[in-house]
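Visitor: Please choose one part of this model and take me through it slowly, and then show me how it relates to the rest of the chain. I am new to reading structures, so I would be glad of a connected account.

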Amino acid sequence: MIYQVYPRSFADSDGDGVGDLPGITGRLEHLVDLGVDALWLSPFYLSPQADAGYDVADYRTIDPVFGTMADVDALLHKASRLGLRVIVDLVPNHTSDEHAWFRAALQSGPGSPERDLYLFRDGLGEHGEQPPNDWKSVFGGTAWQRVTESDGTAGQWYLHLFDVKQPDLNWQNPKVRAEFESILRFWLDRGVAGFRIDVAHGLIKAPGLPSYSAEHHLLHGNEEDRPRPPYWDQEGVHEIYRGWHRIVEEYEGDRVLVAEAWVEPAQRLARYVRPDELHQSFNFDYLLAPWSAAALREVVTESLQATDEVGAPTTWVLSNHDVLRHATRFGFAPGAVLPNGIGADDPQPDAELGLRRARAATLLMLALPGAAYVYQGEELGLPEHTTMPDDVRQDPTWRRSGHQHRGRDGCRVPIPWQGDAPSYGFGPGPRSWLPQPASWRHYALDAQQGVPGSTYEVYRAALRLRRAHALGAGSLAWVEGRVDGLVDGQVDGWGPDVLALTNGEVFVLANLGGEPIELPEGSVVLLASQLLTQADGVVSVPPDVTVWARLSG
Ligand code: NOJ
């Protein structure tokens, strides 16, 4: 299992209210105790933090808010000693506008080689007063910003698919390619196990930057009934990844390249993990699937099929720093259209139901073959902060969308480690860069450790079993309401709201329906997402519960 650490919010060692590298290093034992194999660290590079570090000003320097290069080395060293591999984030689609390259591009003027590292264009209209095309920023508003030239006149425009402080690089320029190859080597030489590649589907834009006026988010536009936007999933990205594959191959040991590519359908996404390209890509189809047996079954089957065809492992993910935490998502009716960020005046989730379904969904996920990704705090059952005051929000989405979309702050709230400490033990003092809800005391790690049936202990037990039964390297077979070799031979069908599968010797039953179902007679329960009841030797699996069992007979 790969565990995502969001450094700003994991653990704060110096009390400034922002998580940091020594904070992570100090908590690595927790990750070992949980059963983590590798961690992926979101960006900690020098950055003005306009998009929480996804706006990098220098890819080889550590932002002082997170620590120093010596802190990185200490983290890598301790992780290696504890048997944890560390993957870092690489942000190649754009830099910060405070990157030396962009500053030089502004100073050097139109037509200069410095400008050619980015996507500068003249504006339309008589005086170039209109943006060069109609593309929209993922965070809202136009994707173009006009600059003031050094002589004080209104000048060219530059493309920023994200925030205005994140200018897109020109990946047709060989200097950009060479620089990122060098950045890869820099971090591989320091001992990282690989990279999570930000916006991996966005680096190449269609020639001529043709018009595409539809509103879009990261994923939208890849649906089969719409043309692909001219900035997502262009053929040219694959050549870049073939080059990176060759670099990584030069290094000893297993190194991994993971794509953050919001690409549909699964077959198209699988092209990123062909044998000579990247190694894994996040399976956002799975993350986006509603709590429905039919939908999950389809997405699992298609994901496995698509990656099997190219010989790559499938991945599974339910939460990350960009989406509503799944304990909250599942607290709404399946298929409900959820806003991008929830505020106090929005409909609120059913927190109890959400957590119950989240735990069931996690046990289903951790039973599947492939690589599972867990986002910090989900092992505590953390929900989204859905009543955060709007005036503390920091995600640029909130501002850029004209306060239409609240954005992602609700899933980025600092982790509660101790129920009774200031900032719940996130740091030594009371500060935390985003407020923690008053109700979070009982989610704290120390309130759950050693407590049978707590979310933390369920994750821990699941990860231990996943390792012991090598489920990640296993293979899935759906069970069609009938299990061979049962004591009494067979079981009647469970109906359309139940998922039943085997992975090796582990039998998995997820009840997504409204009625309890019976576990096949003779099965030995290994783990369940909630406490189970048993009467006359028959184990009943209530609604919204997943069970792992061994079948005897
Ligand atoms: C995806 C990252 O996960 C997200 O947090 C960021 O805002 C965008 N890419 C832009 O870098």
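**A pair of strands and its surroundings**

Guide: Let us begin with a single pairing: T533 has S540, a residue of β20, as its bridge partner. Please keep in mind throughout that what you see is a predicted model.

This bridge belongs to a pair of strands, for β19 and strand β20, which covers residues 538-541, run antiparallel to each other and are joined over 3 bridges. Strands of a sheet are held side by side by hydrogen bonds between their backbones, and they may run parallel or antiparallel. If we now step back a little, we find that the two strands are part of an open sheet of 3 strands, with the order β17-β20-β19 and antiparallel pairing. Because β17 (517-518) and β19 (533-535) are at the edges and have a single partner strand each, one side of each is left without a neighbour in the sheet.

Following the chain onward from β20, we come to P542, which is found in the loop that leads from β20 to β21 (545-550). Leaving aside residues up to four places away in sequence, P542 touches R356, N511, P516 and L532. To get a sense of distance, compare P542 with A11: these residues are 531 residues apart along the chain, and their C-alpha atoms are separated by 37 Å.

To see where these contacts lead, we need the division of the chain, which consists of domain 1 (2-93 + 174-457), domain 2 (100-159) and domain 3 (476-550). The centres of domain 1 and domain 3, taken over C-alpha atoms, are 32 Å apart. Where the two domains meet, 19 residues of domain 1 are in contact with 21 residues of domain 3. The area buried between domain 1 and domain 3 comes to about 1,800 Å², and carbon and sulfur atoms give 64% of this area. On the side of domain 1, the residues that lose the most area to domain 3 are R297, R356 and L363, which together account for 35% of what that side buries. Here we meet R356 again, which is one of the residues that P542 touches.

The interface also has its charged and polar pairs. Across it there are 2 salt bridges between domain 1 and domain 3, and in a salt bridge of this model the side chains of D544 and R357 come together with N and O 3.0 Å apart. Between domain 1 and domain 3, the count of residue pairs in polar contact is 9. On the side of domain 1 that touches domain 3, the elements that give two or more residues are α10 (293-310) and α12 (351-366). Of these, α12 gives the most to that side, with 8 residues. The residues on that side of domain 1 divide into 13 nonpolar, 2 polar and 4 charged.

Salt bridges are found elsewhere too, since a search of the whole structure gives 33 of them. One case is the pair R460 and D33, whose closest N and O atoms are 3.3 Å apart. R460 lies in helix α15 (residues 455-468) and D33 in helix α3 (residues 28-34), so this pair ties together parts that are 427 residues apart in sequence.

For another antiparallel pair to set beside the one we began with, look at strand β7 (residues 144-148) and strand β8 (residues 154-159), which pair over 4 bridges. There W144 stands opposite L159 in β8. The hairpin of β7 and β8 has 5 residues between the strands, and G152 takes a positive phi near 90° in it.

Finally, two details of the backbone deserve a look. Most peptide bonds are trans, and most residues other than glycine have a negative phi. E264 and P265, however, are joined by a cis peptide bond with omega of about -10°, and P265 is in the loop between β10 (256-259) and α8 (266-270). S423, although not a glycine, has a positive phi of about 50°, and S423 is found in the loop between α13 (396-400) and α14 (445-448).

Technical notes: Residues numbered from 1 in each chain as written. Predicted model: local features only at pLDDT ≥ 70, side-chain atom pairs only at ≥ 80, totals over all residues. Heavy atoms only, no water. Domains from an automatic or database assignment. Contact = heavy atoms within 4.5 Å. Buried area = accessible area lost by both parts, 1.4 Å probe. Salt bridge = Lys/Arg side-chain N within 4 Å of Asp/Glu carboxyl O. Polar contact = N/O pair within 3.5 Å; in protein donor to acceptor, adjacent residues only side chain to side chain. Nonpolar A, V, L, I, M, F, W, Y, C, P; charged D, E, K, R; others polar. Pairing = 2+ DSSP bridges.
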